[in-house]
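Here is my note for anyone opening this entry for the first time. Have a look at the picture, then read the points in order.

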Amino acid sequence: MNKQTGINFIANAIAFAINFCISFFLTPFIIENIGVEANGFVTLANTFVDYATLFTIAINSMAGRFITIKIHQKNNLEASKYFTSVVFANIFFSVIVVVVFTFIILFLEKLLNISPASLNDIKILFIFVVLNFIITLFASTFSISAFATDRLDKSAFVNALGCILRAAVLVLCYSFFRPYTFYVGIATLIQGCNYLFNHMRYRRRLTPELLIRRNYYDFSCIKELLISGIWNSVSKLSTILSSGLDLLIANLFIGGIAMGVLNVSKTASNVIILLFGTLANIFVPQLTIAYANNKFAEMKKQLIFSVKILAVFSSIPAAILIGFGDAFYSLWVPSQDASLLHTLTAITFLGLAIALPFEPLYNVFTVSNKIKISSLALIIFSSASILATFIGLGFIHAENARLIYIVSVSALFTALRVISFLPIYSAKCLEFKVSTFYPVIARSVAAVIILTAISIALSCFIAINTWIGLIAVCIVIAVVGLFTGIASLFNKEEIHQLLGIIKQFAFKLRTK
């Protein structure tokens, strides 16, 4: 990990901390104002719109790779052609999204279980969510500049600012106006506009050579991106099948309130998944540059190092929520069933604790432009997961048991995918030994088991009734997790490397 990657990592971790704190206080605030069922529709609306990425991701997912390689090859004209072509393609996608979702919103009550009193509110929410999707689609294209120049600390700043703006809008709306669910959509749209505006600024500042010109549009660029990225659409479909359909299934098979409960239980896991996806992406620019220069030994070193870092961090939230989840939910959302929420969250994190450290390995498929096999494997695992869910629900009738079964199947197949396929094929793509990543998998799982056992043991002797007590326990578990994780996963050279990154970041802060 070089100096800039370390700075990117720390900056994004700080941005996550800001996002987490805001989400932590906002979620019970929103539930108090609009109710758990309406809050579930917020996530469901985003999930619906997320289906549109099945079409947009084919081109946009590979744009960063191709543009970055062209920039570092000093081929600015080709880089601008790719950039311009993606912008024009997104205009076309936006028109299609507007047309399709106009019909979906008009007939929304026929697709979902929505109470008549909330129907107009939920429809307006969907409108704002669709608008935000379009804004974010263009913003992601302009964010390529930060990616290509390995300045993801800039993106971290934009994300943190957006979270603050979103929180401010929500507090103002719910404090001074009659509570409606669509306020969440307005706040999210303002957050997306901030994302677009600032990344447009960074595009001019970081990559002035990256231009948008009508005569630069080249269909052959779109065709190349589409051929390379079409399998990312398949991967996205597999993600939707494995986890994105949970709320929809709960809504249709159990009911709106059960969907809301499941949504609350997924809040922590969704935040953690977002964090680890962001942290994993921090390593992509350097991996792409190393791949462009055929430095495969360096890529191997970077991948193993990044997996170890994420393994240390993933064990901490898993241990805390599995050991003290009931206390957390009793304090956080006292109006809800803390025991049920704890059970759902603990099951989810059993799968995530194994899967999250290996997020960087998914980047291997994009960097090496070998996505087909991984996408097919993902769709097989996801299809099996959704099939098992539907079959099991036919034999289970109690509402709580159905919720537990839904998250259990998802967690099981998530863990199976990581253990059986991901490390093998990612190693094969880079022509490494098949067993390359299995030693770090074993150590990662062991670190999670040890820290979780410590957390559960503490929960047997310590009764938590206050936030101060819970925070104190979390600090203890985090400190123990950092020391045990670093000691069990890192060698002396890597520990010195970590200390060097921290010193470099501290020096940069002092000199500003």
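The points below go from the overall chain to a few particular spots.

1. First, a word of caution: this is a predicted model, so please read everything that follows with that in mind. The protein chain is built with 22 helices and 0 strands. When you turn it around on screen, helices are what you'll be using as landmarks.

2. How much of the chain is buried? Of its 512 residues, 55% count as buried. On the outside, the protein chain exposes about 22,200 Å², and carbon and sulfur atoms supply 69% of that area. Now take the contacts between residues at least 6 apart in sequence: 84% of them join residues at least 24 apart.

3. Next, the rings. Searching the whole structure turns up 15 aromatic pairs. One of them is Phe128 with Phe182, a stacked pair with 6.4 Å from centre to centre and 20 degrees between the planes. Phe128 sits in helix H6 (residues 119-142) and Phe182 in helix H9 (residues 182-206), so this pair links distant parts of the chain, 54 residues apart. Phe182 counts as buried because its relative accessibility is 15%, and the cut-off for buried is under 20%.

4. Another pair worth a click is Phe365 and Tyr425. Why is this one called tilted? Their ring centres are 5.5 Å apart and the planes meet at 35 degrees, which falls between the limits of 30 degrees for stacked and 60 for edge-to-face. Phe365 belongs to helix H16 (residues 359-367) and Tyr425 to helix H19 (residues 422-429), so the pair ties together parts that are 60 residues apart in sequence. Both Phe365 and Tyr425 are buried.

5. Back to Phe128 and Phe182 for a moment, as they have company. Together with Tyr174 and Tyr183, they make up a cluster linked by ring pairs.

6. Rings also turn up beside charges. The charged end of Arg201 sits over the ring of Tyr202, at 5.3 Å from the ring centre. Likewise, Lys300 has its charged end over the ring of Phe432, 5.8 Å from the centre.

7. How many salt bridges does a search of the whole structure find? Just 1. Glu78 forms a salt bridge with Lys81, and their closest N and O atoms are 3.8 Å apart. The two are 3 residues apart in helix H4, so about one helical turn separates them. With 24% relative accessibility, Glu78 counts as partly exposed.

8. Stay with helix H4 (residues 76-106), since it supplies the largest share of a nonpolar patch, 6 residues. The patch is on the surface, covers about 880 Å², and is made by Phe88, Ile91, Val95, Val99, Phe103, Leu106, Phe107, Tyr217 and Phe219. Leu106, one of these residues, has its place in helix H4.

9. Last stop: Ala442, which you'll find in helix H20 (residues 438-461). Is Ala442 buried or partly exposed? At 48% relative accessibility, Ala442 counts as partly exposed. Ala442 and Ile419 are 23 residues apart in sequence, and their C-alpha atoms are 9.8 Å apart in space.

Terms used. Residues are numbered from 1 along each chain as its sequence is written. This is a predicted model: local features need pLDDT of at least 70, side-chain atom pairs count only at pLDDT 80 or more; totals for chains, interfaces and linings use all residues. Side-chain values use heavy atoms; hydrogens and water are left out. Rings of Phe, Tyr and Trp (its six-membered ring) pair if their centres lie within 6.5 Å; planes under 30 degrees apart count as stacked, over 60 as edge-to-face and the rest as tilted. Helices (H or I, at least four residues) and strands (E, at least two) are DSSP runs, numbered from the N terminus. Buried means under 20% relative accessible area, exposed over 50%, partly exposed in between (1.4 Å probe, protein chains only). A charge sits over a ring if NZ of Lys or CZ of Arg is within 6 Å of the ring centre and within 35 degrees of the ring normal. Patches are made of residues with over 30% relative accessible area and no salt bridge: like charges are joined within 9 Å, nonpolar side chains (Val, Leu, Ile, Met, Phe, Trp, Tyr) within 5 Å. Accessible areas come from the Shrake-Rupley method with a 1.4 Å probe; for residues, only the protein chains shown count as cover. A salt bridge is a side-chain nitrogen of Lys or Arg within 4 Å of a carboxyl oxygen of Asp or Glu. Contact means heavy atoms within 4.5 Å.
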